[in-house]
Structure formats: C-alpha cells, structure tokens
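Student: I should like to examine how the structural terms used for a protein model are justified. Please set each value against its definition.

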Amino acid sequence: MSELPPNDSGSFDEIVEAETDRDPDLAVIEAGSRTLRTQGGPPQADVPARPEDPEVDKALREVEAELATRWGETKLEPSVARIAALMDVLGEPQRSYPSIHITGTNGKTSTARMIEALLGAFELRTGRYTSPHVQSITERISLDGAPVSAERFVETYQDVKPYVEMVDARQEYRLSFFEVLTGMAYAAFADAPVDVAVVEVGMGGSWDATNVIDAGVAVVTPIDLDHTDRLGTTPAEIAAEKSGIVKRDATVIMAQQPVDAAQVLLKKAVEVDATVAREGLEFGVVARQVAVGGQLVTLRGLGGEYPEVYLPLHGEHQAHNAAVALAAVEAFFGVGAQHAQPLDIDTVRKAFAAVASPGRLEVVRRSPTVVLDAAHNPAGARAVAAAIGEAFQFSRLIGVVGASGDKNVRGLLEAFEPVFAEVVVTRNTSHRAMDADELAAIAVEVFGEDRVQVEPRLPDALEAAITLAEEEGEFAGGGVLVTGSVITVGEARLLLGKG
C-alpha cells in the first residue's frame, strides 16, 4: 500500500475549506506543475501558493470574500450590457491593445498557452486571461507568461472597485464574479501595458463577458456538445453562439469542426467580411511522432512548413492545438495576408518546447504513475483515452472519476471504458458534483459491476486506485488516471502533495 504524501500546509480538508470559502465552484480547480520537457527556454512560473506575507494574504482573502458575494460562474444572465457599462466608465481599457480571442469546446486553455508562448518568444509583452484557475485566483490574469502577484491582483481590484459599484447601482443585476474578473484583466493589461492580449471565453461567445473586445484574430477550437442547456443541443447551435466572437474584417483560425458547425462559422465569416483559415486546408499537422516527454511534430502554417518542432505535451489533440496556435500567431503578424514567409523556425521551436498545459495528461507521481487530466465531456475523454495509450505503456490502467452532475457522464464513461481495467468512482467537494452512488449506477451499466468500486471521498478513491494499480507483480506497469472534472483534478493534485 502506498500512502498519499503529507501536505505541509495542513490537511486536505483544511486546504479545500480555505480555498472554497468564497465559492465552491471556483475552488481548487485544475492542476498545476509542468509537463516533462527535453529542451526549450525558461520554464513558466509554478502555481503560486498563498502569499507568505500575512497582510497580503489577508488582503487577498478579503478580495476573494467580496467576489464570493457575486453570482458564480454557473449562474448566467446572457448579456454584455453590464461588462460594457464597466468598460465605459473605466475608459475602454480593452481597446488599448490588440487581442486574440479564443472560443471552442475543448483545447482553449492549451491553445491560449501556446499562443502566449509564441508571442512571448517574439519579444511581445503578453496578457493572458483564462479560466478556471489552479489553486490561486491570481492565475486567471497573467502578464508575460506568469500569474500576476497577489499584491498586484489586490491593487487592481481596489482600482476598479469604485467603478464596479457605480455600475452595480445602475444595473438590474450586479456584475457577476466573472464579469468583475474580466474587467480587472482588461484594466491590468492596459496598465501594464501589454502588446497583445490572449483572451479565452468563459462560455459560448456572443454574450460572454470577454466579448467586449474587437479581436483581429478569432480562434475556434473544436466544437462539441457541452453546456447544452445554455448553448444549444447540436454542434451547429453551439457554433452559432460561439461565432459571436468573430468581428468585422477579422481573421478566423478554425480548427477541424463537425460539418454543420463549420458551415455556421463560415456563414458568419462571410457576413462580416472575415478571412478564414481552416485546419486541414490552409494549415495543419503534417507529421508527428512520440518523443520523450511529448512529441515531435511538423506543422504547416499559413507561411510555410515548420519541421521537427518539439512539443512537451502528449496526444494527437495537442498537436492539432499547436497547429491552431501557430496559425493564430502567424495571422496576428500578417503572415498569409501581407506576406508568405514563415516565422523564424528557431524561435518557434524554442517557444513550443517551453509550453506547459497544467492538468492535461500531467504526471504527478511515479511508482505507480498517477496522471491527471481535466477531461469533463465525451469529446475530451475520447482524446485523452487515445493519447494515454500512445504516451504511456500501462499494462493496467485504473480510473478515478469524479464528475459534475450537469455533464454527459455516461458519454464520458463510455469513452474511457476501453482503456480502464477498473474504475473507482468518487466525488469532489463542489456542490455541483454528482453523488458517488449515482455515478456508480451509471458506471456499472457501462463497465459491469465487477469493474466498479465506489469511494465517496476522493482521498479514499486515490488510495484504492493506487492499491489496484499495484495489486499484483505482473501488473508492475499499472497506472492511475484521475479525471472527470477540473475540480476533481485540482483536489487530487493537492492530495498528492503538489499544492
């Protein structure tokens, strides 16, 4: 039996309580650390811990507590009226720099990180706004590839707070948690100032709070069924909502899409005179092979071919994300429109080699190997199932699954069924988590009773999975994959001593 490592900052329950006292939906999300890399530039910053200075920590907690009084990210009123009003009283900070806007169902954050790394390698000062966060709320707003400091986060909040209260007083509903953070990000980027902002939508596109920017480059990662209660029940309906980020005369970088979704996106591009570059036609992945800690890819961009690019991330889906990111940066620099020369290959190689995407097939433990992945819908699960077989030679893979009740859990489990020898179902601490027994009932239908174990507490589920992976000598190559929710993955990271 391999015991979980102790955590110096207190028990798991204490850590989770400290992170969730503001809003369970925003707590302990995603996974940190960096994927193994064999070459490249300076590593990105680690996931920041709580501030060491007690006064700074107190100030940050006060900000978190104030934000917790607002609507959480799962409660939405589809309108950009409030965020537009905030931008107006702040002096339209989002118009002081060019932007690259990213929407889609899966791959947004990985693609945003790659775009950021490429722009930084070409000596541009970047601002990146992504969600959800890892252990610290400050990670949502990054400058030059690193989360803003706690001090700067608090200062930014205090700067915008009077304007937020002014807008609150004039609107039917107060600004939400996500709207306030979006305003803070845009203000911080203007104050820095940044050369370019890389912005990931929170949900959808048209009415997402981020959609008060006029991005010259709009990126659409693969669209699939997710958030169907809010965005639509078909890829075409979801694409119609996400196409709202495409602005007049912009360039649209479109990942491979379902046919009906692609038709909707192309129609929107025609309506606003946008230029479209499609994966598989104008750009794409030429070749890829598995390498130590990742893969070696050859990409075709808008300006030419980029051979032998090392990407320290696993899976074919990450190679496609890399192709999309490269095309987006080429479009930003005018490649393909103003000139056809490729970007400097050495700079591109250096940038990609330094990329990290936390919580995406992230190894957090060895003997047995424990991998974290934040897949939470069937499309993401299928990509991970294919990638884990390619990147890891597990003789026996045990799944730990904790999912949210509003997701397509059956589809998620069906995607993993071929690769999991057994599955341990559990739940995370979020009030949105599906009950472990309810999840187990679905898992039994998919896997059969003999392959399903129920452990309502995540710490117990991890220990049970590790025990199963180590059970017999012939299974010396056993491994564990923790998945199903970004919250589950984040909490597992803390349990495994990575917080």
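The dialogue below takes up sheets, charges and backbone geometry in turn.

Student: What kind of model is this, and how are its residues numbered?

Tutor: This is a predicted model, in which local features need pLDDT of at least 70 and side-chain atom pairs count only at pLDDT 80 or more, while totals for chains, interfaces and linings use all residues. Residues are numbered from 1 along each chain as its sequence is written, and side-chain values use heavy atoms, with hydrogens and water left out.

Student: What makes β3 and β4 paired strands?

Tutor: Strands are DSSP runs of E with at least two residues, and helices are runs of H or I with at least four, both numbered from the N terminus. Two strands pair if DSSP finds at least two bridges between them. Strand β3, residues 141-143, and β4 are joined by two bridges in the antiparallel sense, so the pair meets the definition. One of the contacts sets L143 opposite its bridge partner A146 in β4.

Student: Why are β4 and β8 said to stand at the edges of their sheet?

Tutor: Eight strands form that open sheet, in the order β4-β3-β2-β5-β1-β6-β7-β8 with mixed pairing. β4 (146-147) and β8 (275-278) each have a single partner strand, so one side of each is left without a neighbour in the sheet.

Student: Which strands are at the edges of the sheet β9-β10-β11?

Tutor: Three strands form this open sheet, and the pairing is antiparallel. β9 (284-291) and β11 (305-311) are the edge strands, each pairing on one side only. Neighbouring strands are turned by 15° against each other on average, direction ignored; the axes are lines fitted to C-alpha atoms, for helices over the stretch in contact, and angles run from 0 to 180 degrees between N-to-C directions. Strand β10, residues 294-300, meets β11 over five antiparallel bridges, and Q295 has L311 as its bridge partner in β11.

Student: How do you know that R152 and D191 form a salt bridge?

Tutor: A salt bridge requires a side-chain nitrogen of Lys or Arg within 4 Å of a carboxyl oxygen of Asp or Glu. The closest N and O atoms of R152 and D191 are 3.8 Å apart, so the pair satisfies the cut-off. R152 lies in helix α5 and D191 in helix α6 (residues 177-191), 39 residues apart, so that distant parts of the chain are linked. The structure holds 24 salt bridges.

Student: What makes E52, D53, E55, E62, E151, E155 and D159 a negative surface patch?

Tutor: Patch residues have over 30% relative accessible area and no salt bridge, with like charges joined within 9 Å and nonpolar side chains (Val, Leu, Ile, Met, Phe, Trp, Tyr) within 5 Å. The areas come from the Shrake-Rupley method with a 1.4 Å probe, only the protein chains shown counting as cover for residues. Asp and Glu count as negative, so the listed residues qualify by charge. Two or more of them come from each of α2 (54-68) and α5 (150-170). Helix α5 gives the most, with three residues, and E155 is placed in α5.

Student: Which residue in the turn between β12 and β13 has a positive phi?

Tutor: The residue is S367, with a phi of about 55°, in a hairpin that has three residues between its strands. Three bridges join β12 (residues 362-365) to β13 (residues 369-372) in antiparallel fashion. The peptide bond from S367 to P368 is cis, with omega near -5°.

Key. The place of a charge is taken as NZ of Lys, CZ of Arg, CG of Asp or CD of Glu.
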